[in-house]
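Biologist: Show me the model, please. I want to ask how its labels are earned.

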Amino acid sequence: MSTEKNPQHDELIHIGPEMAVAEADVHADEGAFLRGTSLWRDAWRRLLKNKLAVFGLVVVIVVTIASIAGPALIQQTFGFTPDYIPNNDKLTRSFPPFTGPDGKFSWLHPMGTDNAGRDVMARVLQGGQISLFVGILSTVISLLIGVSYGAIAGYAGGRVDNLMMRIVDVFYSLPYIIIVIVLLSLFRSQTPRGQLTLLFIAIGSVSWLTMARIVRGQILSLKNQEFVLAARATGVSGSRIVFRHLVPNTLGPVIVYATLTVPQIMLLEAFLSFLGFGVQAPLSSWGSLAADGVTNIAVFPWQLIFPGVTMALTLFSLNFLGDGLRDALDPQMRTV
Amino acid sequence: MTNLLDVKNLRTYFETDDGVVKAVDDISFQLKRGETLGIVGESGSGKSVTNLSIIRLVPDPPGKIVSGEVIFNGSDLLLLSNEAIRKIRGRRIAMIFQDPMTSLNPYMKISKQLMEMTQLHLGHSKAQAHDHAIRMMETVGIPDAHSRAGSYPHEFSGGMRQRVMIAMALSCEPELLIADEPTTALDVTIQAQILELIKKLKRETGTSVILITHDLGVVAGMTDHVIVMYAGKIFEQARTTELFSTPGNPYTKGLLRSVPDPTAEQGKLYQIPGLPPDMAHLQPGCPFAARCDYVQDICRREFPPFVKLNSDHYSLCHFAREVYRESGGTPVQE
């Protein structure tokens, strides 16, 4: 990555192609390679140079694939599902990792089993499915609401903007964890799926606020640029300007923030599940697994360690990836 | 010939914390079909606001078109609904902006931006619009248009981007093209190319052009009529040849004297003394009085009259006839 600083960039707040051009200057020796380089390819190239980000990307991909394919694969190979409880009394107890029912080394349960004899690895992978699902889906929801809300507020300006952002401020000032907990316990659902849906609604309704602010800020600085005036002068309608011209220009910061939102939401989900408000058994998430594990930490540490470490690793990786994306998409924002 | 555009008593004011700025104050002018009108003046004289007012793109708030009429093809643009004016923008009145570096959307492919115009106004299908975009790029002299259509603006140089802007502006064959300092941000050789291009396209399509500039050389080479603006007012208005040979306003004379003379061996470059007035606190009398060589007491007291000096030649000055005579003209008697 280049550490060269081009003074003319300082006046630019948004990510523009100017940056790509400046990068092109820095990498003048790669001139041939740069022909026809789009902004995104340029950012991708910079991302690949960031080792931590690549590490994060790889871990995220591996964890995602393992979570999606893992439980089914285990069922295929060993014949049990994540919520399979053996009906043999001797087996319904917690075995350490790599230990069979006879106390000898075995590949059957690489992460051991829990109190009911369920395979911890299968449960961690299934928990990963749900944790990632909650994280990503809630982020998508917050993206949809936050981007449209912020874009409309920013472009409309004036009184509309004022009103819309004050509403955001009000939401902000509410202690959202308490709100979510109240929401979840008030509408406590009888089925695990219902509880999961409720969790989405609760998390989605609070997580779009920051996104709305970020997008509004971006739009405010973009809407006075000449290309917006040029678009208006060609008769393009307001909504088209916002969603076809302005929003794509905010994508850089939005992607970065979204990547950083995923771990935040996963953490929130884990926290809620840990407290018993989130995902309910027999479904599992990393948070609920950790909650189960923590009661037995002195005797069966693997029940906490495996879900805990997997979650920490994934969150780390997502954060690294998000930081890497920010640097790649917006080199001038880097604070070195 | 009929008037394509007839601007009558246009006033556009800006509400600022400092007070009301009369950016455009009671301006009237006409533009005939197929003609080119130049508008010159210093920065802040109201050139751009005049033209933004024509297509109703003055930022509101703080700007507001207070009064006036903009008759385009017989209908008053200022009375149209937002929907209707949008159909005119780009389709019948197109604009080119000063800075080609920022007037293209950095995140949209060139072809997409060109296609948007014709899809919007001419109802083109994607394929039609794409073909049209390529044709327009070829028309404005972008080499290798086919392969460059998929590029992003940052892959184009300033001159090429201005060509794209011109292609975009002309792609619906508008009746009026407003070029707001189209060459200011470009270097001199590219300037000449772009101006030549506008001239050529104007000849071919018969489009009328309003050319805003502060470069008198550009005005001389491109326009049929000129309007000289100062402090939101029209100070002088004449046929281009007449304005250059026999200016009838001290301000115009000052501007003409400020043009560098390449044949002069040495010597100081003339400049009009002082600064443009603070538009929020205009003094009574002539706004140019403080900087004028011809200033008399009356100039500070009374607002000057708009004097007819010749057919199509008007000047806003108490001493317009004297200045005109001094330049070698013979004022008509009213």
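The questions below go through helix packing and one chain interface.

Modeller: This is a predicted model; local features need pLDDT of at least 70, side-chain atom pairs count only at pLDDT 80 or more, and totals for chains, interfaces and linings use all residues. Residues are numbered from 1 along each chain as its sequence is written, while chains are lettered from A and ligands numbered from 1 in the order in which they are written.

Biologist: Why are helix 7 and helix 8 of chain A called roughly antiparallel?

Modeller: Helix 7 covers residues 176-186 of chain A and helix 8 residues 192-222. Helices here are DSSP runs (H or I, at least four residues), numbered from the N terminus. The two axes come within 10 Å and cross at roughly 155 degrees. Axes are lines fitted to C-alpha atoms over the stretch in contact, and angles run from 0 to 180 degrees between N-to-C directions. Angles over 145 count as roughly antiparallel, under 35 as roughly parallel, 65 to 115 as roughly perpendicular and the rest as oblique. The pair is therefore roughly antiparallel.

Biologist: What makes the residue classes of that contact nonpolar, polar or charged?

Modeller: Contact means C-beta atoms, placed from the backbone, within 7 Å. Helix 7 of chain A brings A:Tyr176, A:Ile179, A:Val180, A:Leu183 and A:Leu184, and helix 8 of chain A brings A:Leu198, A:Leu199, A:Ala202, A:Ile203 and A:Val206. Ala, Val, Leu, Ile, Met, Phe, Trp, Tyr, Cys and Pro count as nonpolar, Asp, Glu, Lys and Arg as charged, and the others, Gly among them, as polar. The contact therefore divides into 10 nonpolar, no polar and no charged.

Biologist: How do you know what span to expect of helix 8 of chain A?

Modeller: The expected span is 1.5 Å times one less than the number of residues. Helix 8 of chain A has 31 residues, and 45 Å is expected. From first C-alpha to last, this helix reaches 45 Å, close to that value.

Biologist: Where is the kink in helix 8 of chain A centred?

Modeller: On A:Leu209, with a bend of about 25 degrees. The bend is the angle between axes fitted to the seven residues ending there and the seven starting there.

Biologist: What makes helix 11 roughly antiparallel to helix 12 of chain A?

Modeller: Helix 11 (residues 286-294) and helix 12 (residues 302-329) of chain A pack at about 150 degrees, with axes 8 Å apart. That angle makes helix 11 of chain A roughly antiparallel to helix 12 of chain A. Their contact has seven nonpolar, four polar and one charged residue.

Biologist: Which elements give two or more residues to the side of chain B that touches chain A?

Modeller: 24 residues of chain B are in contact with 21 residues of chain A. The elements are helix 2 (82-88) and helix 3 (110-121) of chain B. Helix 3 of chain B gives the largest share, four residues.

Methods:
Two residues are in contact if their C-beta atoms, placed from the backbone, lie within 7 Å.
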